[in-house]
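Q: I'd like a close look at one part of this protein, namely the charged pairs and what surrounds them. Could you walk me through it in one connected answer?

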Amino acid sequence: MGALDSGNTAWILTSASLVFLMTPGVAFFYGGMVRAKAVLNMLMLEAAALSVTMIIWTLWGWSIAYAGSDIGGIFGDPASGFLLKDSMVAQDGVFTTTGLNSNNYPVSVDVAFQVAFAMITVGLICGAIAERVKYSTWMIFVALWITFDYAPMAHMVWNGGLLSGEGAISKAIGATAHDFAGGTVVHINAAVAALIIVLIIGKRKGFGTQPFRPHNVPFVMLGAFLLWFGWFGFNAGSAFAANGTAGYAWVSTSAATAAAMLSWGFTEKIRSGHYTAMGAASGMVAGLVGITPAADVVSPLWAIVLGAIVGILTCLACGLKFKFGYDDSLDVVGVHGVGGFTGTLLIGFFGEGTGLLAGGDWRQLVVQLIIALVAILYSAVITAIIAFALEKTIGWRVTEAQEVGGIDLADQGERAYDFAGTASSVLKEVK
């Protein structure tokens, strides 16, 4: 172990802050998409994703994911790192880190970086269940899901567990599973969880028979731009050092995102005759999702191709909810599920030196497919148990009358917009 590397420390701490910003970015992205009577509730769901996750991570989440001794390649011992035990100690009355990790920056910085990932992952889920779930139930769900789903999944993929490059699946196939920054852990995981909850709690009143128009498209665009910015910490930070891999991840992330935004727009133009702002925002996010697992192993050309493919597929996939009748309110499954699965799988084609097209080896494709399928299965089973238990005990949904009247007023006791002082209301008072 060498001396502290101040460059790596500064970069990963900055990256942690950028990733933290992504959850507020999602709040605006989703908040603009819902109707005006539900925007505060959406912002509050994201606030709970930040706050509850931080508490659980400090208590035992960090231990399950990274600090605890391995148990069966599935999760770490939650007790051995409880309350960040052995990660930080008090010296002269000030808490600091007992040691450095392999990249010579403090373990406390790693704790910060990884909890920001956990926050954004669970924060993605609430887009699918917008406008109809109780804040109290959501807070409990976040605590349980981070404990039993996210933290074990992070352990399996990023801490030498079952789905990692050193895991049993990779060894059996003879190829190294690759998930650079969260195709399985974040996007597939969150999207599958979202779908399971949607199937359990049911549709919004009026789904399929009335339009659910976004109430503030500039909010949506703001959220998308914040996500693109925050994603530099998400992907480039996943190099875990201030180095060339971080620099290239920045470049490949933007190349794929740009391609996806354009391909989504062209697809939309062909289908509806317009390049919409909603489509541009959604295309950006789809490209960010798709490149996440592959940002360090695809060439600039393949990054652009990957982004273009993801943009088209996710644009088309978002319409499947109407065909199959599941109310994924803000297209979490269509964007994050399809985008995350596609990006994970395309490493098997485009991965430099290992992919079928960029390396001539079929084994990378097989291992990527298997880890994606295992991630889907794990997320589906764990989420179903949690979500069903909550449904049968405290319940997920507000009443139908509260949903129609506006969940903001029912659950938060507030309205996002006060129209009492508008010209129309003043005119009514004069009359």
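How many salt bridges does the count come to?

A: Happy to take you through it. This is a predicted model, and the count comes to eight salt bridges. Let's take the pairs one by one and then step back to the fold around them.

A good place to begin is Glu 131. The side chain of Glu 131 meets that of Arg 204 in a salt bridge, with 3.2 Å from N to O. Glu 131 sits in the loop between α3 (107-125) and α4 (135-158), while Arg 204 sits in the loop between α6 (183-201) and α7 (217-236), so this pair ties together parts that lie 73 residues apart in sequence. How covered are the two partners? Buried here means under 20% relative accessible area. Glu 131, at 5% relative accessibility, therefore counts as buried, and Arg 204, at 6%, counts as buried too.

Now move one residue along, to Arg 132. Asp 327 forms a salt bridge with Arg 132, and their closest N and O atoms are 3.9 Å apart. Arg 132 belongs to the loop between α3 and α4, and Asp 327 to the loop between α11 (320-324) and α12 (332-350), so this second pair ties together parts 195 residues apart in sequence. Asp 327 and Arg 132 are both buried.

A further pair is Glu 403 with Arg 397, whose side chains meet in a salt bridge at 2.8 Å from N to O. In this pair Glu 403 is buried, with a relative accessible area of 6%, whereas Arg 397 is partly exposed at 25%. Returning to the residues we started with, salt bridges that share partners join Arg 35, Glu 131, Arg 132, Arg 204 and Asp 327 into one network.

The backbone in this region deserves a look as well. Most residues other than glycine have a negative phi. Glu 131, however, has a positive phi, near 75°, and its place is the loop between α3 and α4. Asp 331 also has a positive phi, of about 65°, although it is not a glycine. The place of Asp 331 is the loop between α11 and α12, which is also where Asp 327 of the salt bridge to Arg 132 lies.

Next to consider is Met 42, found in helix α2 (residues 39-67). With a relative accessible area of 1%, Met 42 is buried. Setting aside neighbours within four places in sequence, Met 42 is in contact with Ala 27, Tyr 30, Gly 31, Val 34, Cys 126, Gly 127, Ala 130 and Leu 330. One of these partners, Ala 27, is 15 residues away along the chain, and its C-alpha atom is separated from that of Met 42 by 6.7 Å.

Ala 27 itself falls within helix α1, which covers residues 6-33. Helix α1 has 28 residues and reaches 41 Å from first C-alpha to last, close to the 40 Å expected at 1.5 Å a residue. At the start of α1, a side-chain oxygen of Asp 5 comes to within 3.0 Å of the backbone nitrogen of Gly 7.

Helix α8 (residues 244-272) can be described in a similar way. Its 29 residues reach 42 Å from first C-alpha to last, close to the expected 42 Å. The N-terminal end of α8 is capped by Asn 243, which has a side-chain oxygen 3.2 Å from the backbone nitrogen of Thr 245. Just after α8, Gly 273 takes a positive phi of about 90°.

Finally, here is the whole protein as the setting for these details. It has 16 helices and four strands. Its radius of gyration is 22 Å, close to the 22 Å that the globule rule gives for 431 residues, so the protein is as compact as a globular protein of that length. The C-alpha atoms fill a box of roughly 80 × 55 × 40 Å along the principal axes. Buried residues account for 54% of the 431. Among contacts between residues at least 6 apart in sequence, 76% join residues at least 24 apart. The protein exposes about 17000 Å², and carbon and sulfur atoms supply 68% of that area.

Notes. Residues are numbered from 1 along each chain as its sequence is written. This is a predicted model: local features need pLDDT of at least 70, side-chain atom pairs count only at pLDDT 80 or more; totals for chains, interfaces and linings use all residues. Side-chain values use heavy atoms; hydrogens and water are left out. A salt bridge is a side-chain nitrogen of Lys or Arg within 4 Å of a carboxyl oxygen of Asp or Glu. Helices (H or I, at least four residues) and strands (E, at least two) are DSSP runs, numbered from the N terminus. Buried means under 20% relative accessible area, exposed over 50%, partly exposed in between (1.4 Å probe, protein chains only). The expected span of a helix is 1.5 Å times one less than its number of residues. A polar contact is a pair of N or O atoms within 3.5 Å; within protein, one must be able to donate a hydrogen and the other to accept it, and residues adjacent in sequence count only if both atoms are side-chain atoms. The radius of gyration is taken over C-alpha atoms; the globule rule is 2.2 Å times the number of residues to the power 0.38. Contact means heavy atoms within 4.5 Å. Accessible areas come from the Shrake-Rupley method with a 1.4 Å probe; for residues, only the protein chains shown count as cover.
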